[in-house]
Amino acid sequence: MTLFSTPCLWVKGVEIDASKLQQKVLNMCSQNLLEKLNKIAYFKTTPFCYTCYEEAPTGICKTCSNDDLMRLKKDSGVEFDIDWVVEELIDENLNPIDSEELFEQMIDDCYGEEVQVGFLNLSTSQVMKDPIAWDIAKGEYMDGLEQDEEIISFDNGANYYWKYDVENYIEEVEQEMEEAA
Ligand SMILES: [Zn+2]
């Protein structure tokens, strides 16, 4: 949250020490959050004796006195470890961030939604991750030259040649042909 309040500083690489510090704080926080989620996972599950196949809410099976118990998550499963419960709880109760969308938004906020490159007004984030605009502009430029008969293609635009180069070459060979005749 504080990390994204200064996205421009982060992206431009300014105040690197500050962002490193923020990263450190963030890691500590997520460790704390994970511990809290672990506690919730225990809260949301019940001790379960697999031998007797019954719940043992007190932590000791009242039938066989076993205290090596699994964790039962109702309508879900029963396992010895707790990590899968944490994963399920996160899955069931939290929405993952669309990192692609978030990053795009951050880039737009930071550098402006549009950037002018030569004669093109382009979406900053699109340009940065996708050079298609370049290909389109290039294609239009080449089409224009072809229509003006400056360039010529013999394979539907896979390769172009300067028309005067082609004409010069033809003239050269025609001379050779004349001399050979
Ligand atoms: Zn038991």
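Noting first what pairing means here: I take two strands as paired if DSSP finds at least two bridges between them. The model I have open is a predicted one.

**Entry 1, the sheet**

With that rule in hand I looked up who faces whom. Thr46 sits opposite Leu72 of β3. The strands involved, β1 (residues 46-49) and β3, are antiparallel and share 3 bridges. I then followed Leu72 across to β4, where Val78 stands opposite. Another pair I jotted down is Arg71 with its bridge partner Glu79 in β4. Between β3 and β4 I again have 3 bridges, and the run is antiparallel.

Zooming out, I asked myself in what order the strands come. I read β2-β1-β3-β4, an open sheet of 4 strands with antiparallel pairing. Which strands are at the edges? They are β2 (54-55) and β4, each of them pairing on one side only. A reminder to myself: strands of a sheet pair through backbone hydrogen bonds, parallel or antiparallel.

**Entry 2, Asp75**

Next I went through the backbone torsions. Asp75 caught my eye, with a phi near 60°, which is positive although the residue is not glycine. Where does Asp75 lie? I find Asp75 in the loop from β3 (70-73) to β4 (77-79). Those strands form a hairpin with 3 residues between them, and the positive phi of Asp75 falls within that hairpin.

Buried or exposed, I wondered about Asp75. I count 5 other C-beta atoms within 10 Å, and the cut-off for exposed is 12 or fewer, so Asp75 goes down as exposed.

**Entry 3, Glu149**

I logged Glu149 too, as a residue other than glycine with a positive phi, near 60°. Glu149 belongs to the loop that runs between α6 (132-147) and β7 (151-153). For the surroundings of Glu149 I get 8 C-beta neighbours inside 10 Å, so I file this residue as exposed.

**Entry 4, helix α7**

Last I checked α7, which covers residues 163-180 and has 18 residues. How far does α7 reach from its first C-alpha to its last? I get 26 Å, close to the 26 Å expected at 1.5 Å a residue.

Then I wanted to know how many residues of α7 are buried. Buried would take 20 or more other C-beta atoms within 10 Å. The number buried is 0 out of 18, so I noted α7 as lying largely in the open.

Conventions:
Residues are numbered from 1 along each chain as its sequence is written. This is a predicted model: local features need pLDDT of at least 70, side-chain atom pairs count only at pLDDT 80 or more; totals for chains, interfaces and linings use all residues. Helices (H or I, at least four residues) and strands (E, at least two) are DSSP runs, numbered from the N terminus. The expected span of a helix is 1.5 Å times one less than its number of residues.
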